[in-house]
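I pulled this model up to poke at its overall build and its empty spaces. Here is the notebook as I went along.

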Amino acid sequence: MEGEQKRHISSDELRKHVVATDLWISIQGKVYDVTGWLKDHPGGDLPLRNLAGQDVTDAFVAYHPGSAWKHLDRFLIGHLSDYQVTDVSKDYRRLLAEFSKMGLFENKGHISGVSLVLIAILFSAAVYGVLFSSCALVHLVCGGMMGFLWIQSGWMGHDSGHYRIVENAKLNRFTQILTGNCLTGISIAWWKRNHNAHHIACNCLEFDPDLQHMPLFAVSSRLFSSLTSFYYDRKMNFDAAARFFVSYQHWTFYPVMCFARINLFAQSIVLLLSKKKVPNKWQEILGLMVFWVWYPLLVSCLPNWGERLMFVVASFVVTGIQHIQFCLNHFSSSVFVGPPTGNDWFEKQTMGTLDISCSPWMDWFHGGLQFQVEHHLFPRLPRCHLRKVAPFVRELCKKHKLPYSSASFWEANVMTVRTLRAAALQAQDLAKPVPKNLVWEAVNTHG
């Protein structure tokens, strides 16, 4: 081990080890062979595979607590001979260290407890309204409450996936399964796999699954080149069907979002039935089975098919608000093509993300996503502290002349539709070839 620690490895040599059977990374100038760790990494294999062969210090400190450092020595194989740190990264790491000293990562506030109580009240009220009322209007309201319950459960699942909302690990896991799988029908394992890939490759057209919605949506005309999705491991074909749907995407965006939850149901089931390694797979499957028992059973208690359909549609449409929120933070922001990089973490996260400006009393509505820039930079930070750290992030962006984008909820919707419309107009132009001019892309891609 002593001889291996003194071994000097160049960045060119590091970049050669990027496949699953030979995967190296660098953290703070030390090189680690994590090939054997790939299948056991708690964050899944995608973050390691997507950032293989490069320095990943910023991404590592963003996602891991200080206790994770002690586990690295067993993978150490040498030192990076030409290791360098940019001024932006130095300031980012210094800021993260300050937040840690302030105890912000450990102090989780009372949001989780309040949210769980609210979820319990909504669930009880919806069930009571269905079982003990014969009024169709009450049943419609109950369907809306169910949708709002799914939104709040979604925020809980999001939080528990990034950090422990409950100190006890087993209780935290139970909360994940309860709020995710059991109450919303969405596998927390699928969400973590998808969401980790999104964070690591924020707004990368080829690696970020949150921008890969072909054939229904395309946020950039670069997708017209039929790029390959490295998340889904398939080509995103821009064929005649995709051109048709994309041509009208600025009109279909909101209707599709009303029923986007169906896609999340399907993605969860596909992952759990696949041969991919899923931690605690049977817990995940059992949780989904609970949902697919109680929800259809509750719907069947309604007096007729008309009210059953009304209840389901109401719950889907209301929770569609959350799916729109997911899109607002990224659809109108800068995108890029090519693999993600680990040494420009701060720059990539700020360029590809949009904050939603709102009053503090509206924070419950956005579930932390209103401070999306801050969340992407510090994903382990509990959402009760995001508003507190926002001024520090803005100041750092200003110091390094980096964008800090923020818009109201209404403005963000306008920007998103404008982005979709810009790509749609290009897709409609059947007489001309797909534009390849980089100047056109810079001016028009994001409206």
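The entries below go from the whole chain to the pocket, the cavities and a couple of single residues.

**Entry 1: the whole chain.** Note to self before anything else: this is a predicted model. I started with secondary structure and got 20 helices and nine strands in the chain. Next I looked at the spread of the C-alpha atoms, which fill a box of roughly 75 × 60 × 45 Å along the principal axes. Then I checked the radius of gyration: the chain has 23 Å, and a compact globule with 447 residues would come out near 22 Å, so the two agree.

**Entry 2: packing and surface.** How much of the chain counts as buried? I get 52% of the 447 residues. For contacts, I took those with a separation of 6 or more, and 72% of them join residues 24 or more positions apart. The exposed area is about 20700 Å², and carbon and sulfur atoms supply 64% of that.

**Entry 3: the second largest pocket.** I went for this one next and noted a volume of about 900 Å³. Its lining runs to 44 residues, and the closest to the centre are Trp190, Asp210, Leu264, His323 and Phe326. Which helix gives the largest share of that lining? That turned out to be α9, with six residues. I also listed the helices that supply at least two lining residues each; among them are α7 (136-162), α8 (169-184) and α14 (305-328). The helices α11 (249-258) and α12 (261-273) are on that list as well. By residue class, I count 21 nonpolar, 20 polar and three charged in the lining of this pocket.

**Entry 4: closed cavities.** With the cut-off at 30 Å³ or more, I have three cavities. The largest cavity holds about 60 Å³ of space. Helix α7 gives the most to its lining, three residues. The lining of the largest cavity includes His158, Asp159 and His162, along with Tyr163, His375 and Arg383. Gly367, Gly368 and Leu369 are also part of it. I sorted this lining into five nonpolar, five polar and two charged residues.

The second largest cavity has a volume of about 40 Å³. I wrote down its lining as Gln325, Leu328, Asn329, Ile356, His366, Leu369, Gln370 and Phe409. How many of these are charged? None: the split is four nonpolar, four polar and no charged. Leu369 caught my eye, as it shows up in the lining of the largest cavity and again in that of the second largest cavity.

**Entry 5: His195.** I then picked out His195, which sits in helix α9. Is His195 buried or exposed? The relative accessibility is 9%, under the 20% limit, so His195 counts as buried. Leaving out residues up to four places away in sequence, I find His195 touching Tyr63, His158, His162 and His375. Of these partners, His158, His162 and His375 are on my lining list for the largest cavity.

**Entry 6: Ala120.** My last stop was Ala120, in helix α6 (residues 111-132). Its relative accessible area is 41%, which lies between the 20% and 50% limits, so I put Ala120 down as partly exposed. I also looked up a C-alpha distance here: Ala120 and Leu149 are 29 residues apart along the chain, and their C-alpha atoms are separated by 8.6 Å.

Definitions and conventions:
Residues are numbered from 1 along each chain as its sequence is written. This is a predicted model: local features need pLDDT of at least 70, side-chain atom pairs count only at pLDDT 80 or more; totals for chains, interfaces and linings use all residues. Side-chain values use heavy atoms; hydrogens and water are left out. On a 1 Å grid over the protein atoms alone, a cavity is a set of points where a 1.4 Å probe fits but cannot get out, and a pocket is an open set with protein on both sides within 12 Å along at least five of seven lines; lining residues have an atom within 4 Å of a point. Grid points are joined across faces, edges and corners, and a volume is the space filled by probe spheres set on the points. Helices (H or I, at least four residues) and strands (E, at least two) are DSSP runs, numbered from the N terminus. Ala, Val, Leu, Ile, Met, Phe, Trp, Tyr, Cys and Pro count as nonpolar, Asp, Glu, Lys and Arg as charged, and the others, Gly among them, as polar. The radius of gyration is taken over C-alpha atoms; the globule rule is 2.2 Å times the number of residues to the power 0.38. Buried means under 20% relative accessible area, exposed over 50%, partly exposed in between (1.4 Å probe, protein chains only). Contact means heavy atoms within 4.5 Å. Accessible areas come from the Shrake-Rupley method with a 1.4 Å probe; for residues, only the protein chains shown count as cover.
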